[in-house]
Amino acid sequence: MLARLQQFTTLSLIFGAVGWALYFLAQGEATWAWAGALLILLGYAMFLGVEFLLLASVQRHDTTPHPTARQLFGAWWAEVLTAPQVFCWRQPFRSHAEPDFLPSSAQGTRGVVLVHGFVCNRALWNPWMAKLRAAQAPFVAVNLEPLFGSIDDYVNIIEQAVRHIEKTTGLPPVLVAHSMGGLAVRAWLSANAGDARVHHVITIGTPHHGTWLARFGQTANGRQMRMGNEWLKNLAQREPPQRFAKFTCCYSHCDNIVFPARTATLPGAHNIHVPGTAHVHLAFQGTAFEELLRRLAPDHSAQTVPLG
C-alpha cells in the first residue's frame, strides 16, 4: 500500500514540475518555469526546515545536549539529501529489491529482524540488507500494515518474523527498529513475554516516551506516539524494569521527528547519542549498524551492561 502511495506521489511531483516548466517556457517565462519546477520538487526541504525550527525551540528546554546552529543546518542538509532516496526511490520502487535472507546453512548463526517506522516500508533497510547478506547474516525485514492502524496491529507481523529467524538459526535474533518500529517491538515483547526470545533490541530514533510533534498526528498510530498518552502509559506498566538492559537506543539532539531528544531513550538501556543527525539519516549513520555487528558476534554475551 505504501509503495503504491509513494509511487503516485513521486510521479505526480515529477509530472507536475515538468508540466509547470513546459507551460511557462511556452509563454516565454523562463524564470517562472524553473522557479516553480524547483519549488514543486524541493518544497519538502522547506517543510523539513519548519520541523527543525520546532525542534530547536523545544530542545532548548530539554536536559539532553542542545544542538548548535551549525549542527542543525548540517542535519537539515543531510536529511534533504536522504529523504528523496528513501521516500521517492527505495520505498516506492525498490521494496522487493532485497528479499529476506534465510539460508538453510544458517543454523547456529545469529539472525536479525528489521522493523521500519511510520510511513515507511521494508525498503528503508535496503542498504542494511545488502550488507547483512554480504556478511551471511540471516535477516527478515517486515512490512507493518495497516499503514495507519494501531501499533498493536503489528505484533503478529513481528511474531511471524521472529519465528522465521528462530526456525532458520535456532537462536534468538537481534531486533533492529527505526522510529515507531521500536514501539511495535516493545508491544510485541509485552504481548508474547518475548524476553527469552530476543538476544538484543536496537532502536533508532524511537519515541519511547512519545514525541512533541505527534500532537499533530491524527492516525491511530500517530496518536499513540503523543507524549503522555494512555497507550504509552499502559505499555510501560506491562514492562519489567530489567527488560531495558537488552536495549540499545540510538538517539540525536538533531532528530527532527522525535524530540525532545530524551524521549528516544530508556532507563537502564545502552543509550547512544549520535550528535548532529536527523531522523531518517540516523538509520544510515555507521553507529547503529556497528552496534548490530557487535551484537551479532558469536562471542557476544546475551547480557548487556547499561551505560545510561
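User: Before we look at the helices, what makes a crossing left-handed?

Analyst: Picture one helix in front of another. If the near helix is turned anticlockwise from the far one by less than a right angle, the crossing counts as left-handed. In this predicted model, the crossing of helix 1 and helix 3 is left-handed.

User: Are helix 1 and helix 3 parallel, antiparallel, perpendicular or oblique to each other?

Analyst: Helix 1 covers residues 2-26 and helix 3 covers residues 69-93, and their axes come within 8 Å. They cross at roughly 135 degrees. Roughly antiparallel needs an angle over 145, and roughly perpendicular means 65 to 115, so this pair is oblique.

User: Which classes of residue make the contact between helix 1 and helix 3?

Analyst: Helix 1 brings residues including Leu2, Ala3 and Leu11, while helix 3 offers Phe87, Cys88 and Pro92, among others. Sorted by class, the contact has no charged residues; the count is seven nonpolar and four polar.

User: Now the sheet: which strands stand at the edges, and why is one side of each left without a neighbour?

Analyst: Nice one to trace by eye! The open sheet has six strands in the order 2-1-3-4-5-6, with parallel pairing. Each edge strand has a single partner, so one side has no neighbour in the sheet; these are strand 2 (139-141) and strand 6 (270-273).

User: In strand 6, which residue is the bridge partner of Tyr251?

Analyst: Strand 5 spans residues 247-251, and it pairs with strand 6 in the parallel sense over four bridges. In strand 6, the partner of Tyr251 is His273.

Key:
Residues numbered from 1 in each chain as written. Predicted model: local features only at pLDDT ≥ 70, side-chain atom pairs only at ≥ 80, totals over all residues. Heavy atoms only, no water. Pairing = 2+ DSSP bridges. Helix = DSSP H or I, 4+ residues; strand = E, 2+ residues; numbered from the N terminus. Axes fitted to C-alpha atoms, helices over the stretch in contact; angles between N-to-C directions. Parallel < 35°, antiparallel > 145°, perpendicular 65-115°, else oblique. Contact = heavy atoms within 4.5 Å. Nonpolar A, V, L, I, M, F, W, Y, C, P; charged D, E, K, R; others polar.
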